[in-house]
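User: I would like to go through this model and ask what stands behind each label. Please set the values against the cut-offs.

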Amino acid sequence: MELDLKDRVVVVTGAARGIGAVIAGRFAAEGARVVALDLAFPEDADGAAEPSPSSDPAPSSDPAPSNAPGPNAAPHPITRLTCNVADPESVSAAVSEIVERHGTIDVLVNNAGINVDGPVADLEWERWRACFDVNMGGVFLMSRAVAPVMQEAGRGRILNAASFAAIVPSVGSAAYAASKAAVVQFTRVLASELGPWDITVNAYAPGMVPTAMNGFAEMPQDAQDRLLDTLSLRRWESPDDVANLLIVLASDAAGYVTGTLLDVSGGKLATQIPARAYGR
Ligand code: NAI
């Protein structure tokens, strides 16, 4: 079965670094016309970049796409646009520019997100608001702006970054976990509202991908071991693990999957003590 994403217009938010940069590179390697949105891009960016087909399998804090054309060079360079997904005017301007350039939007990956940590007792209102403005507000604003474009085309895919925190939260993650749980319910409602246009809307829950957001790879080994011990697949998740799922969900093969939360966490807490299978 071929997952044919050639020439599809794919918009990825928060794509300057981390998981989003790899998602953008992987869709471009599939032949899609990718538009990467973020608050800012590294200084070497000049508006367009050759995508990297895949991330380094080793844990990395910042697997940003390379500018070097390689043997697996994608047919379309990635277009980079600055956009603040939490700002309605910025979102509207970016979506208008994308439609002007490419005519349509086939796939929207709402990847942009921020982590706001801290116990409820110490959490400032501004930080709580910022967390919801980006993680939930950004998904809402981007989806609201892109939906009419997809409705006109009579097809589309919206893929929303939730988190394992939306399933089982950690102590100190009230703002982040609640914002990601909100994304899950938003996804279900939007899936039903856009069903009549054959547009599917799904959320996905990565578990632990070492990036600049969490610094997992820089933690002391015993702290890393404690986290890894929660996984059925006892290894750090790679951005490619996330991208693989999204490529399938974006393809025609997933045309009957909508309104779901896909767990791509390596079986985190699938059982109470998964480390027992590793003799730990
Ligand atoms: P990251 O911090 O490495 O990258 C996030 C990107 O989003 C950055 O490039 C940042 O500039 C961009 N961004 C932040 N606010 C923005 C805004 N207002 N407008 C536009 N872009 C904005 O994070 P990472 O780890 O790559 O995470 C990506 C997504 O995956 C996030 O939604 C995160 O919550 C989610 N996730 C990550 C997990 C992990 O283990 N890394 C686990 C579960 C979910």
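User: What makes the pairing between the ligand and the side chain of Thr211 a polar contact?

Analyst: The model is predicted. In it, an N or O atom in the side chain of Thr211 is 2.6 Å from an oxygen atom of the ligand. The cut-off for a pair of N or O atoms is 3.5 Å, so this pair counts as a polar contact. The side chain of Arg17 also places an N or O atom 2.6 Å from a ligand oxygen. For Ile19 the backbone supplies the N or O atom, at 2.8 Å from an oxygen of the ligand.

User: How much of the ligand does the protein cover?

Analyst: On its own the ligand has 830 Å² of accessible area, and the protein covers 94% of that.

User: Where does the ligand sit, and which elements give two or more residues to the shell around it?

Analyst: The ligand sits in the largest pocket. That label applies because more than half of the ligand's atoms lie within 2 Å of the pocket's grid points. Helix 1 (18-29) and helix 4 (174-194) are the elements that give two or more residues to the shell.

User: How many residues surround the ligand, and how do they divide?

Analyst: The ligand is surrounded by 26 residues, and among the closest are Asp38, Tyr176 and Val209. By class, 14 are nonpolar, nine polar and three charged.

User: What joins the side chains of His76 and Asp7?

Analyst: A polar contact of 2.7 Å joins them; the label holds because 2.7 Å falls within the 3.5 Å limit. His76 lies in the loop between strand 3 (48-49) and strand 4 (78-82). Its C-alpha is 7.6 Å from that of Val34, although His76 and Val34 are 42 residues apart in sequence.

User: Why is the pair of Phe140 and Phe186 called edge-to-face?

Analyst: The ring centres are 6.4 Å apart, within the 6.5 Å limit, so the rings pair. The planes are 85 degrees apart, and over 60 counts as edge-to-face, therefore the name applies. Phe140 lies in helix 3 (residues 125-153) and Phe186 in helix 4, so the pair ties together parts 46 residues apart in sequence. The structure holds three aromatic pairs.

Notes:
Residues are numbered from 1 along each chain as its sequence is written. This is a predicted model: local features need pLDDT of at least 70, side-chain atom pairs count only at pLDDT 80 or more; totals for chains, interfaces and linings use all residues. Side-chain values use heavy atoms; hydrogens and water are left out. A residue is near a molecule or strand if one of its heavy atoms lies within 4 Å of it. A polar contact is a pair of N or O atoms within 3.5 Å; within protein, one must be able to donate a hydrogen and the other to accept it, and residues adjacent in sequence count only if both atoms are side-chain atoms. Accessible areas come from the Shrake-Rupley method with a 1.4 Å probe; for residues, only the protein chains shown count as cover. On a 1 Å grid over the protein atoms alone, a cavity is a set of points where a 1.4 Å probe fits but cannot get out, and a pocket is an open set with protein on both sides within 12 Å along at least five of seven lines; lining residues have an atom within 4 Å of a point. Helices (H or I, at least four residues) and strands (E, at least two) are DSSP runs, numbered from the N terminus. Ala, Val, Leu, Ile, Met, Phe, Trp, Tyr, Cys and Pro count as nonpolar, Asp, Glu, Lys and Arg as charged, and the others, Gly among them, as polar. Rings of Phe, Tyr and Trp (its six-membered ring) pair if their centres lie within 6.5 Å; planes under 30 degrees apart count as stacked, over 60 as edge-to-face and the rest as tilted.
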